[in-house]
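Grab a pencil and work through a few short exercises on the model shown here. Try each task yourself before you read the solution under it.

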Amino acid sequence: MYIANNRRYDHMLYRRCGKSGIKLPFLSLGLWHNFGENVPYEKARELALGAFDRGITHFDIANNYGPPEGSAETTFGKILKEDLMPYRDELIISTKAGYYMWPGPYGEWGSKKNLLASLDQSLTRLGLDYVDIFYHHRPDPDTPLEETMDALAQAVRSGKALYVGISNYGAEDTLRASQILANMGVHCLIHQPRYNMFDRGAENGLFDVLEQEGIGCIAYSSLAQGLLTSRYFEGIPEDSRANGHSVFLTKEGVSAEKIEMAKKLDSVAKDRGQSLSQMVLAWNLRDPRMTSLIIGASKLSQIEENLKVMDNMEFSSEELEMINSILR
């Protein structure tokens with residue numbers, strides 16, 4: 001029987017999520033790539049329990065995570081049932097809906113029909129009565145924002161979600177969504193954008209809206225699918241995402257320009273006594289408006305390596321200027 005490490009909270013950094021009572025670990029475990037049916041169950045279990053033993057209390061999932069879709073929730077549901085349920089009140093479990101899940105006009109996007117049906121399905125797979133955070137995963141250009149936000153508000157009122165959030169929304173739609181929810185008596189807890197050194201779009205107004213509205217921020221793709229690590233310095237490894245193991249990073253995406261920038265950034269990291277990935281995570285967290293970062297892992301050692309970012313999270317003005325000059 002699993003018994004959690006009784007010192008799991010001794011060395012973890014937690015940040016308050018916007019204007020709320022919730023704190024999140026500065027690194028959260030994402031279940032996107034390594035909790036589907038293509039991964040042995042014991043490996044997924046080792047990652048989840050190892051993360052919790054090190055103070056990572058937030059597990060980020062979505063209805064379509066796998067492969068196949070739904071299998072990451074099923075896997076995590078089994079881990080909850082067999083190991084983590086005694087610690088349920090120490091966990092923040094989030095899921096999302098909005099991408100394709102089933103055929104027909106109600107299987108994706110942002111209708112009330114889709115979101116609430118998807119939430120029920122997620123709860124069944126997870127074996128839970130509620131999730132802590134329920135997100136709309138992407139903006140829907142055809143469904144009125146009021147309808148989508150009404151679905152999120154109903155998820156809270158029904159007790160099936162404690163908090164709600166949005167993901168991949170731009171600054172203008174984030175402001176509208178937040179205000180619509182507020183008029184319904186529900187606070188938008190958190191926003192999940194893509195953000196890293198190679199993709200800084202969130203700096204163009206989104207962070208300002210989040211601060212204004214008291215919304216926390218949790219970024220995904222902090223390491224740019226591995227481009228902001230040393231993984232591709234000597235070419236494209238056989239087992240890498242860029243070698244056909246992911247539709248989100250192709251061989252064409254591993255450009256010589258980005259690899260050259262990553263190598264220069266690696267020199268800055270070495271001068272700081274860090275690995276490139278550790279420095280990149282610290283840089284992503286340099287803004288106090290960033291609550292947490294979602295990390296993926298295929299090995300427990302990767303989680304342990306990333307947690308060492310706590311050893312050096314401060315940047316001098318000279319270091320920040322050097323990084324900006326490389327990225328320019």
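## Exercises with worked solutions

**Exercise 1. Sort E321 by exposure, then look at its salt-bridge partner.**

Start with the number: E321 has a relative accessibility of 42%, so it counts as partly exposed, since that class runs between 20% and 50%. Keep in mind that this is a predicted model. Next, find the partner: the side chain of E321 meets that of R328 in a salt bridge, with 2.9 Å from N to O. Now do the sorting again for R328: its relative accessibility is 71%, so it counts as exposed.

Before moving on, take a look at a group of charged residues: D208, E211, D287 and R289 are joined into one network by salt bridges that share partners.

**Exercise 2. Work out what the salt bridge between R289 and D208 ties together.**

Step one is the contact itself: the side chains of R289 and D208 meet at 3.0 Å, N to O, in a salt bridge. Step two is to place both ends. R289 sits in the loop between α8 (276–284) and β10 (292–295), while D208 belongs to helix α6 (residues 206–213), so the bridge ties together parts that are 81 residues apart in sequence. Step three is exposure: R289 comes out as partly exposed at 24% relative accessibility, and D208 is partly exposed too, at 46%.

**Exercise 3. Do the same for R45 and E42.**

Their side chains also form a salt bridge, this time at 3.8 Å, N to O. Now check the positions: R45 and E42 are 3 residues apart in helix α1, so about one helical turn separates them. For exposure, R45 is partly exposed with a relative accessible area of 24%, and E42 counts as partly exposed at 49%. How many salt bridges does a search of the whole structure find? The search gives 23.

**Exercise 4. Classify the ring pairs around Y87.**

Here's the tool you need: a pair of aromatic rings is described by the distance of the centres and the angle of the planes. Centres within 6.5 Å make a pair, and the count for this model comes to 7 aromatic pairs.

Take Y2 and Y87. Their ring centres are 5.9 Å apart and their planes stand at 70 degrees, so the pair is edge-to-face. Where does each one sit? Y2 is in the segment before β1 (14–16) and Y87 in the loop between α2 (71–84) and β5 (92–97), so to speak of distant parts of the chain is fair: the two are 85 residues apart. Both Y2 and Y87 are buried.

Now try F52 with Y87. The centres lie 5.5 Å apart and the planes are at 55 degrees, so this pair is tilted. This pair links distant parts of the chain as well, with F52 in helix α1 (residues 41–53), 35 residues from Y87. As for burial, F52 has a relative accessible area of 0%, so it is buried, and Y87 is buried with 14%. Put the pairs together and you get a cluster of Y2, F52 and Y87.

**Exercise 5. Find charges that sit over rings.**

Look at Y106: K113 lies over its face, 5.9 Å from the ring centre. Then turn to F315, where R272 lies over the face at 3.9 Å from the ring centre.

**Exercise 6. Describe the surroundings of M12.**

Is M12 buried or exposed? With a relative accessible area of 10%, M12 is buried. You'll find M12 in the segment before β1. Leaving out residues up to four places away in sequence, M12 touches P25, F26, R54, G55, I56, L307 and M310. Take I56 from that list: its C-alpha atom is 7.6 Å from that of M12, although the two are 44 residues apart along the chain.

**Exercise 7. Step back and describe the whole chain.**

First, count the elements: the chain has 10 helices and 10 strands. Next, test its compactness. The radius of gyration is 19 Å, close to the 20 Å that the globule rule gives for 328 residues, so the chain is as compact as a globular protein of that length. Its C-alpha atoms fill a box of roughly 50 × 50 × 40 Å along the principal axes.

Then check burial: 54% of the 328 residues count as buried. Finally, look at the contacts: among those between residues at least 6 apart in sequence, 75% join residues at least 24 apart.

Note on methods
Residues are numbered from 1 along each chain as its sequence is written. This is a predicted model: local features need pLDDT of at least 70, side-chain atom pairs count only at pLDDT 80 or more; totals for chains, interfaces and linings use all residues. Side-chain values use heavy atoms; hydrogens and water are left out. Rings of Phe, Tyr and Trp (its six-membered ring) pair if their centres lie within 6.5 Å; planes under 30 degrees apart count as stacked, over 60 as edge-to-face and the rest as tilted. Helices (H or I, at least four residues) and strands (E, at least two) are DSSP runs, numbered from the N terminus. Buried means under 20% relative accessible area, exposed over 50%, partly exposed in between (1.4 Å probe, protein chains only). A charge sits over a ring if NZ of Lys or CZ of Arg is within 6 Å of the ring centre and within 35 degrees of the ring normal. A salt bridge is a side-chain nitrogen of Lys or Arg within 4 Å of a carboxyl oxygen of Asp or Glu. The radius of gyration is taken over C-alpha atoms; the globule rule is 2.2 Å times the number of residues to the power 0.38. Contact means heavy atoms within 4.5 Å.
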